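Hi,

Here is the structure I said I would pass on. Have a look at it first, and then read my notes below.

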Amino acid sequence: MSISASQWGSPTASKRALLIHGMTMSSNSWEGIAHLLVAEGFFVVAPNLLGHAWRRGAESYRVSAFAEDLRPYFAMDTSYDVIIGHSFGGPVALSLLSFLPNTKKTTVILLDPTLELTEEKATMLKNMFLGWITNIKTPEEHMAENPAWLRRDCVFRTLGITMCDHNLVEVFLVMFQVLEWEALLTGSAFCIEQQNTPWSSSGLFKNIPPNVTVTVLASDPECGATCLLEHVPRGVERLSARVVTGASHWIQYERPDAVMDAIPPPKAKIVG
């Protein structure tokens, strides 16, 4: 059970938001978006995922294990007006939909979510992860590489990597195991040379509850996007997707306005 989280705003606020960070990040990384939400009347909660912010890992690093760890945030039919997930937090956020009560409308916003990975891409991400944790960059180095980021965001990026469990690299191994099991169950071929066999979480879009709308904000492919529009299923009710032009994977740092614009405005009250 997650017992580690950051909170902003008043618990008595009329609206609630749940923010799910990505791999090697922490709840603090939502500081900028959280303050914008509080200004709009939200109480904001951002849990630290398993294996992050000095939290110990789990026996399983499947997406479902990360989601199940967050079930206490939905105790006693707790609902949220907005749920935002970044990167790996995207499929985790989608996995939380079954926990939501069906009595309240919820907007889910996914920021450059990890939806489809070939084995080749997952191997690249694994090596990138290992590079991050063995050679942790300073906030100054992050600022030099990402001039659009605030210093606060660079500090939290360094802090998130410092506090994560190095065994999180197993997430990528679990992705391969899922592929192998699916191949066995379907009778299809799976081998290490089969580079076009994807790890996919896009199936999580199939059962969007009628009270939930999902918006995918994909990064600009010219800026190294993780999520491409073709990864998002078409023809699914209450699901939309668009590219945030000029934004890299870190949309919440570079285009917080795009995130806030994806939140529906409150409906005007009818008087009389």
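One definition before we start: the expected span of a helix is 1.5 Å times one less than its number of residues. Keep in mind, too, that this is a predicted model.

Now try that rule on helix α6, residues 151-163. The helix has 13 residues, so it should span 18 Å, and its end C-alpha atoms are indeed 18 Å apart, in agreement with the rule.

Which residues of α6 are buried? They are Asp153, Cys154, Phe156, Arg157, Thr158, Gly160, Ile161 and Met163. An α-helix has 3.6 residues a turn, so residues three or four places apart point the same way. It's worth having that in mind when you look at the list. As for what they pack against, the buried residues of α6 meet α1 (31-39), α4 (119-134), α5 (139-145) and α8 (251-254).

On to the nonpolar cores. In soluble globular proteins, nonpolar side chains tend to be buried together. The largest core here has 40 residues, and within it Phe205 and Val214 touch the most other members. Two or more residues each come from β2 (15-20), β3 (42-47), α2 (63-69), α3, β5 (106-111), α4 and β8. The top contributor is β8, which gives four residues.

If you want one place to zoom in, pick Phe205. Setting aside neighbours within four places in sequence, Phe205 is in contact with Leu94, Leu110, Leu115, Val214, Val216, Pro233, Val236 and Leu239. Another core lies apart from this one, with 23 residues that include Trp30, Leu217, Ala247 and Ile251.

Next, two backbone oddities. Ser87 isn't a glycine, yet it has a positive phi of about 55°. You'll find Ser87 in the loop between β4 (82-86) and α3 (89-95), and it is buried, with a relative accessible area of 11%. Arg238 isn't a glycine either, and its phi is also positive, at about 65°. Arg238 sits in the loop between β8 (212-219) and β9 (239-244). Is Arg238 buried or partly exposed? At 30% relative accessibility, Arg238 counts as partly exposed.

Last, the cysteines. How many disulfides are there? The count is zero, going by a cut-off that asks for a pair of cysteine sulfur atoms within 2.5 Å. For two cysteines you may want to look up, Cys164 is buried at a relative accessible area of 5%, whereas Cys223 is partly exposed at 33%.

That's it from me. Happy browsing!

Terms used:
Residues are numbered from 1 along each chain as its sequence is written. This is a predicted model: local features need pLDDT of at least 70, side-chain atom pairs count only at pLDDT 80 or more; totals for chains, interfaces and linings use all residues. Side-chain values use heavy atoms; hydrogens and water are left out. Buried means under 20% relative accessible area, exposed over 50%, partly exposed in between (1.4 Å probe, protein chains only). Contact means heavy atoms within 4.5 Å. A nonpolar core is a set of buried Ala, Val, Leu, Ile, Met, Phe, Trp, Tyr and Cys residues joined through side-chain atoms within 4.5 Å.
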